Amino acid sequence: MRGDVSHSLRAADDACVQFSGLLARSESPSLAHFVRSLVGLDRTAAQAAFSGFLADRSLTPPQIRFIEMVIDQLSARGVIEASALYEPPFSNLHAEGPDVLFDGNVEVIEGVFEVLRQVNSGLVA
């Protein structure tokens, strides 16, 4: 019986070490961040977070498409770093990035960055 307990404790320790290594290799700051990066963010939650932007009638079709792409990426990847908004597929809409795409609507792109910070904030340890 004592050997079974000892074996179980070693197995649990090994599993913790393996999990810690996996988390470190993923470069995720927390378990929540790691899990969301695997399963994505619920599409309804992503749409709700950005609904105010989609309702803005002053946005151009490429700007609306940009917001939709953010929702798509959050649904698929779970997290998006702000720097990713300057890379493909986002840069396919405007090579100079969202700052130029939203020229004249600075408050919108600042709002997008803020929503991304809020979405990601609960995932950091």
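Arg43, Arg65, Glu68 and Asp72 are linked in a network of salt bridges. The model is predicted. Helix α5 (61-77) runs through much of what follows: it is one of the helices that each supply at least two residues of the largest nonpolar core. Phe66 of α5 also belongs to a cluster of ring pairs, with Phe90 and Phe102 as its partners.

**Salt bridges**

- The whole structure holds 4 salt bridges.
- One of them joins arginine 43 to aspartate 72, with the closest N and O atoms 2.7 Å apart.
- Arginine 43 sits in helix α3 (residues 43-49) and aspartate 72 in helix α5, so this bridge ties together parts that are 29 residues apart in sequence.
- Both ends of the bridge are partly exposed: arginine 43 has a relative accessible area of 37%, and aspartate 72 has one of 28%.
- Glutamate 68 pairs with arginine 65 in another salt bridge, the closest N and O atoms being 3.6 Å apart.
- Glutamate 68 and arginine 65 are 3 residues apart in helix α5, so about one helical turn separates them.
- Glutamate 68 is partly exposed at 33% relative accessible area. Arginine 65 is partly exposed too, at 35%.
- In helix α7, glutamate 114 and arginine 117 lie 3 residues apart, about one turn of the helix. Their side chains meet in a salt bridge of 3.0 Å, N to O.
- Glutamate 114 counts as partly exposed, with 33% relative accessibility.
- Side chains of opposite charge can pair when their charged atoms come close.

**Serine 75 and arginine 43**

- Serine 75 is found in helix α5.
- Is serine 75 buried or exposed? Its relative accessible area is 17%, and the cut-off for buried is under 20%, so serine 75 counts as buried.
- The side chain of serine 75 makes a polar contact of 3.3 Å with the side chain of arginine 43. Arginine 43 also holds the salt bridge to aspartate 72.
- Leaving out residues up to four places away in sequence, serine 75 touches Val39, Gly40, Leu41, Arg43 and Ala46.

**Aromatic pairs**

- The count of aromatic pairs comes to 4.
- Phenylalanine 66 and phenylalanine 90 form a tilted pair, with 5.3 Å centre to centre and 55 degrees between the planes.
- Phenylalanine 66 lies in helix α5 and phenylalanine 90 in the loop between α5 and α6 (98-101), so the pair ties together parts 24 residues apart in sequence.
- Phenylalanine 66 is buried at 1% relative accessible area. Phenylalanine 90 is buried at 2%.
- Why is the pair of phenylalanine 66 and phenylalanine 102 edge-to-face? The ring centres are 5.4 Å apart and the planes meet at 75 degrees; an angle over 60 counts as edge-to-face, so the pair qualifies.
- This pair links distant parts of the chain, 36 residues apart: phenylalanine 66 is in helix α5 and phenylalanine 102 in the loop between α6 and α7.
- Phenylalanine 102 is buried, with a relative accessible area of 0%.

**Nonpolar core**

- The largest nonpolar core has 24 residues. Phe50, Phe66, Val70, Leu74 and Leu85 touch the most other members.
- Helices α5 and α7 (106-121) each supply at least two residues of this core. Which helix gives the most? Helix α7 does, with 7 residues.
- Beyond its neighbours within four places in sequence, leucine 85 is in contact with Phe66, Val70, Ile80, Phe90, Pro98, Val112, Phe113 and Leu116. Phe66 and Phe90 from that list also pair with each other as rings.
- In soluble globular proteins, nonpolar side chains tend to be buried together.

**Helix α5 as a unit**

- The 17 residues of α5 should span 24 Å at 1.5 Å a residue. The end C-alpha atoms of α5 are 24 Å apart, which agrees.
- Buried residues of α5 are Gln63, Phe66, Ile67, Met69, Val70, Ile71, Gln73, Leu74 and Ser75.
- Partly exposed residues of α5 include arginine 65, glutamate 68 and aspartate 72.
- Glycine 78 follows α5, and its phi is positive, near 85 degrees.

How values were computed
Residues are numbered from 1 along each chain as its sequence is written. This is a predicted model: local features need pLDDT of at least 70, side-chain atom pairs count only at pLDDT 80 or more; totals for chains, interfaces and linings use all residues. Side-chain values use heavy atoms; hydrogens and water are left out. A nonpolar core is a set of buried Ala, Val, Leu, Ile, Met, Phe, Trp, Tyr and Cys residues joined through side-chain atoms within 4.5 Å. Buried means under 20% relative accessible area, exposed over 50%, partly exposed in between (1.4 Å probe, protein chains only). Helices (H or I, at least four residues) and strands (E, at least two) are DSSP runs, numbered from the N terminus. Contact means heavy atoms within 4.5 Å. Rings of Phe, Tyr and Trp (its six-membered ring) pair if their centres lie within 6.5 Å; planes under 30 degrees apart count as stacked, over 60 as edge-to-face and the rest as tilted. A polar contact is a pair of N or O atoms within 3.5 Å; within protein, one must be able to donate a hydrogen and the other to accept it, and residues adjacent in sequence count only if both atoms are side-chain atoms. The expected span of a helix is 1.5 Å times one less than its number of residues.
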